[in-house]
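The following exercises are to be worked with the sequence and the coordinates at hand. Each task is followed by a solution in steps.

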Protein chains: 2
Amino acid sequence: MTATSFDYTPLLAEGLPPAAAKWNGFPKYNFVGGNNDADQVPVAKLLEASIAVLTREGAMLATYGLNSGPLGYRPLREFLVGKLKRDAGITCTADEILITSGSLQGLDLVNGILLSPGDTVLIEQECYQGSITRLTRRGVKIVGIPLDHDGMRTDAVAAALADLKAKGIRPKYIYTIPTVQNPTGTIMSKQRRAELLKLAEDYGVPIFEDDCYADLIWNGQRPPALYAMSKTNNIIHIGSFSKSVAPALRVGYIVAPWNVLSRILSTKTDAGSGALEQMVLAEYCQAHFSDHVPKLRRGLRVKLEAMMEALAEQFGTAAEFDDPRGGIFLWVKLPDTVDTLKLYQAALASGIAINPGTEWSVNAAHSGSRLRLCFASPSVQEIRDGVAALAEVCRREFGVPSRSANVERAAGA
Amino acid sequence: MTATSFDYTPLLAEGLPPAAAKWNGFPKYNFVGGNNDADQVPVAKLLEASIAVLTREGAMLATYGLNSGPLGYRPLREFLVGKLKRDAGITCTADEILITSGSLQGLDLVNGILLSPGDTVLIEQECYQGSITRLTRRGVKIVGIPLDHDGMRTDAVAAALADLKAKGIRPKYIYTIPTVQNPTGTIMSKQRRAELLKLAEDYGVPIFEDDCYADLIWNGQRPPALYAMSKTNNIIHIGSFSKSVAPALRVGYIVAPWNVLSRILSTKTDAGSGALEQMVLAEYCQAHFSDHVPKLRRGLRVKLEAMMEALAEQFGTAAEFDDPRGGIFLWVKLPDTVDTLKLYQAALASGIAINPGTEWSVNAAHSGSRLRLCFASPSVQEIRDGVAALAEVCRREFGVPSRSANVERAAGA
């Protein structure tokens with residue numbers, strides 16, 4: 001940048017988010033983000049798949065859409081038809097699946113066809129930060145629904161829908177992460193799913209089902225997807241290979257009836273998602289997905305247990321959490337005196353990254369002393385050391401926990 | 001879809017483009033789209049690159065951004081620093097390059113930070129259809145600037161800028177494809193580039209330089225990029241590997257100063273572009289890009305010559321065109337009596353796809369009897385047969401050409 005550098009400021013569109021900060025690498029203890037376990041990336045088998053598919057079909061890279069059209073590489077969509085049937089009970093065809101650049105592009109595309117500023121949506125009160133910020137940036141009004149151990153509370157959904165109807169407002173959708181909810185880790189029960197579907201049908205409101213963590217349930221048992229249970233095609237379902245294979249691949253998908261996909265497709269202006277990833281994943285998954293995922297889950301469970309043990313050891317009863325049934329994160333409650341937004345800032349200065357609860361919730365009062373800790377990427381040793389370091393910061397800033405590792409300490413010591 | 005299928009229509013956002021039609025495969029003679037020559041995809045060497053990079057760094061796929069941060073895989077950005085210096089005269093650092101999912105995502109990202117409904121931009125009167133439709137959908141006012149053999153006419157740019165200034169309007173940018181313009185194939189001369197830069201600086205309007213075809217100049221000689229010639233950082237430059245390596249990879253890039261990239265980054269909500277493509281391209285390009293591209297150009301030139309010969313043979317003097325200095329398309333003028341939008345419809349019914357001129361222009365009067373023919377993807381034989389079939393349709397619909405292949409025919413025969 002020189003002294004004569006052009007000033008773009010007066011030309012910027014209104015309402016942009018703040019400029020990004022320069023990236024300075026990962027902190028020493030990184031308990032944020034959907035990063036996965038580097039030791040569990042199936043590198044050798046992905047390589048085998050690359051060799052097979054490139055040798056056979058590499059020349060097709062000359063063609064946008066790989067002779068499969070804009071929905072994405074057909075063999076990958078066909079793998080998904082079988083996987084979704086087997087795992088989630090979903091009956092669909094390859095023409096009801098759109099491959100996206102991660103499920104994040106799925107979020108943007110679905111929001112793009114449905115949402116305008118001033119619209120209203122229902123979401124789980126604790127929710128993926130990226131979903132909340134996407135809605136906020138679009139000027140959408142969010143109604144947060146509290147969760148319990150069975151997921152989104154349908155009594156609260158019923159009350160919210162009735163209240164909105166009384167005001168003449170038809171929400172654009174009910175967004176839910178029903179299967180390993182982010183950040184609470186809950187799984188919506190089948191009974192609760194049926195109740196939610198009934199409400200959605202009664203009020204004419206579609207459900208936007210984000211199932212991106214659903215492959216990571218420890219025992220592999222899950223209720224059918226809302227998409228599978230609906231009889232009226234009122235669900236838009238998104239999923240991802242980020243959690244089950246590797247996040248950097250950026251491959252996700254939308255499952256929806258053609259009347260939805262045809263509107264989404266005309267707004268997907270990228271001429272298709274990356275072909276190499278789609279080809280390699282299709283080749284890999286047909287042969288190895290069902291063996292890989294249980295192995296990955298076992299490894300993640302080991303890390304979760306290390307995280308829970310470290311929290312118990314370092315924070316004692318000051319850290320409350322449920323043992324989640326799957327996933328890559330733990331939702332932790334600290335004493336009310338702890339402001340996790342302040343803890344986040346202090347921890348980051350000490351090389352520890354955490355997600356403060358208020359960024360993963362639309363209810364600041366409920367989430368202000370909560371935090372999310374991701375455990376898939378750091379090693380077991382990093383988990384132990386990082387949680388100990390976090391406890392140290394928390395004690396210094398808030399006097400909590402007063403004792404750690406069975407040694408009582410004075411606040412500020 | 002069942003009888004009880006949910007009706008999304010009343011929930012759709014306003015102003016969406018029409019629903020997409022189902023994809024039914026490619027037509028027999030496909031003279032549209034940026035598809036490349038399947039025989040020229042360097043499959044064996046891409047495979048070698050995949051093996052090398054996955055073996056060495058595959059475990060990094062567990063991490064969003066591959067330890068390179070949100071700008072994209074650093075070795076690919078570093079390759080681009082050297083390539084842009086060598087080929088386009090651009091001096092930049094790896095931190096002034098953002099890897100995108102094709103240059104199309106680049107278009108969307110740049111438009112997203114600069115454009116609001118009612119804004120004004122200047123573009124070349126004949127222009128890439130995707131750029132025109134993107135502007136139209138955003139409700140942006142387009143001022144079309146005519147071209148001559150040296151590219152965008154700067155006398156017309158000067159007049160347009162003066163006229164807008166008199167009305168109190170500051171355009172958001174001047175968009176140009178200066179180096180193998182789409183669809184005209186012209187290359188903006190260095191002198192013209194200097195004039196355009198002067199005008200841009202005088203009026204405080206940035207230039208959006210789309211250089212996605214610039215690698216495909218037959219003799220490899222090109223003027224410096226506008227980005228290279230600017231002294232005031234008032235250029236945003238985008239490029240692509242779609243034309244030089246393979247379009248289905250979906251890898252492009254934005255070159256811009258950090259005050260622009262930092263705004264773009266905070267609106268790039270996809271958590272990075274596909275990692276496998278970035279890794280494989282970086283590995284491949286470091287070793288083979290500079291050998292591959294001249295070979296590709298020679299092959300494309302052969303196809304262009306086949307296309308020009310077939311047009312001369314089938315259409316005679318009815319088809320006028322300049323021999324373009326590079327690229328993958330030919331911009332053809334037919335007699336004024338030919339409406340190429342009607343020709344396009346009739347040709348498609350006969351299995352021949354062409355781009356009607358009005359879809360690649362903002363001046364219907366100028367482009368109504370013009371068409372764009374892409375020659376990289378079809379074989380030489382398909383080019384010959386397809387142009388003959390197109391002449392047959394054109395003769396049937398418009399009585400033009402009256403003779404083909406030196407045989408005079410009655411209109412409608």
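**Exercise 1. The nonpolar core**

Task: Determine which residues Ile254(A) is in contact with, leaving aside its neighbours within four places in sequence.

Solution. The model is a predicted one. Once the neighbours within four places in sequence are set aside, the contacts of Ile254(A) are Leu98(A), Thr100(A), Gly106(A), Leu109(A), Val110(A), Ile236(A), Ile238(A), Leu261(A) and Ile264(A). Next, place this residue in its wider setting: the largest nonpolar core comprises 264 residues, and Ile254(A) and Ile254(B) are those with the most contacts inside it.

**Exercise 2. The relation between the chains**

Task: Find the turn and the shift along the axis by which chain A can be laid on chain B, and name the relation.

Solution. Superposing chain A on chain B takes a turn of 180° and a shift of 0.0 Å along the axis, with an RMSD of 0.0 Å. The relation is therefore that of a two-fold axis. The same surface serves both copies, since 100% of the contact residues of chain A recur in chain B. To locate the axis from within chain A, take Gly274(A): its C-alpha, at 3.1 Å, comes closest to the rotation axis among the residues of that chain.

**Exercise 3. A strand pair and its crossover**

Task: State whether strands E3 and E4 of chain A run parallel or antiparallel, and give the hand of the crossover between them.

Solution. Strand E3 (residues 120–124) of chain A is joined by five bridges to strand E4 (residues 141–145) of chain A, and the two run parallel. In this pairing, Thr120(A) stands opposite Lys141(A) in E4(A). From E3(A) the chain passes through helix H4 (residues 129–137) of chain A to reach E4(A); this β-α-β crossover is right-handed.

**Exercise 4. Backbone exceptions**

Task: For Asn233(A) and Arg250(A), establish the sign of phi and decide whether each residue is buried or exposed.

Solution. Asn233(A) is not a glycine, yet its phi is positive, about 55°. Asn233(A) lies in the loop between helix H7 (226–229) and strand E9 (235–240) of chain A. There are 21 other C-beta atoms within 10 Å of Asn233(A), so this residue is buried.

Arg250(A), also not a glycine, has a positive phi of about 60°. Its loop runs between E9 and strand E10 (252–255) of chain A. Arg250(A) counts as buried because it has 28 C-beta neighbours inside 10 Å.

**Exercise 5. A cis peptide bond**

Task: Identify the residue that a cis peptide bond joins to Asn182(B).

Solution. The partner is Pro183(B), and omega is about 15°. Pro183(B) belongs to the loop between strand E7 (174–176) and helix H6 (190–203) of chain B.

Key:
Residues are numbered from 1 along each chain as its sequence is written. Chains are lettered from A and ligands numbered from 1 in the order in which they are written. This is a predicted model: local features need pLDDT of at least 70, side-chain atom pairs count only at pLDDT 80 or more; totals for chains, interfaces and linings use all residues. A nonpolar core is a set of buried Ala, Val, Leu, Ile, Met, Phe, Trp, Tyr and Cys residues joined through C-beta atoms within 7 Å. A residue is buried if 20 or more other C-beta atoms lie within 10 Å of its own, exposed if 12 or fewer, and partly exposed in between; C-beta atoms are placed from the backbone. Two residues are in contact if their C-beta atoms, placed from the backbone, lie within 7 Å. Copies are superposed by least squares on the C-alpha atoms of residues with pLDDT of at least 70 in both. Two strands pair if DSSP finds at least two bridges between them. Helices (H or I, at least four residues) and strands (E, at least two) are DSSP runs, numbered from the N terminus. A crossover is right-handed if, with the strands pointing away from the viewer, the path from the first strand over the helix to the second runs clockwise.
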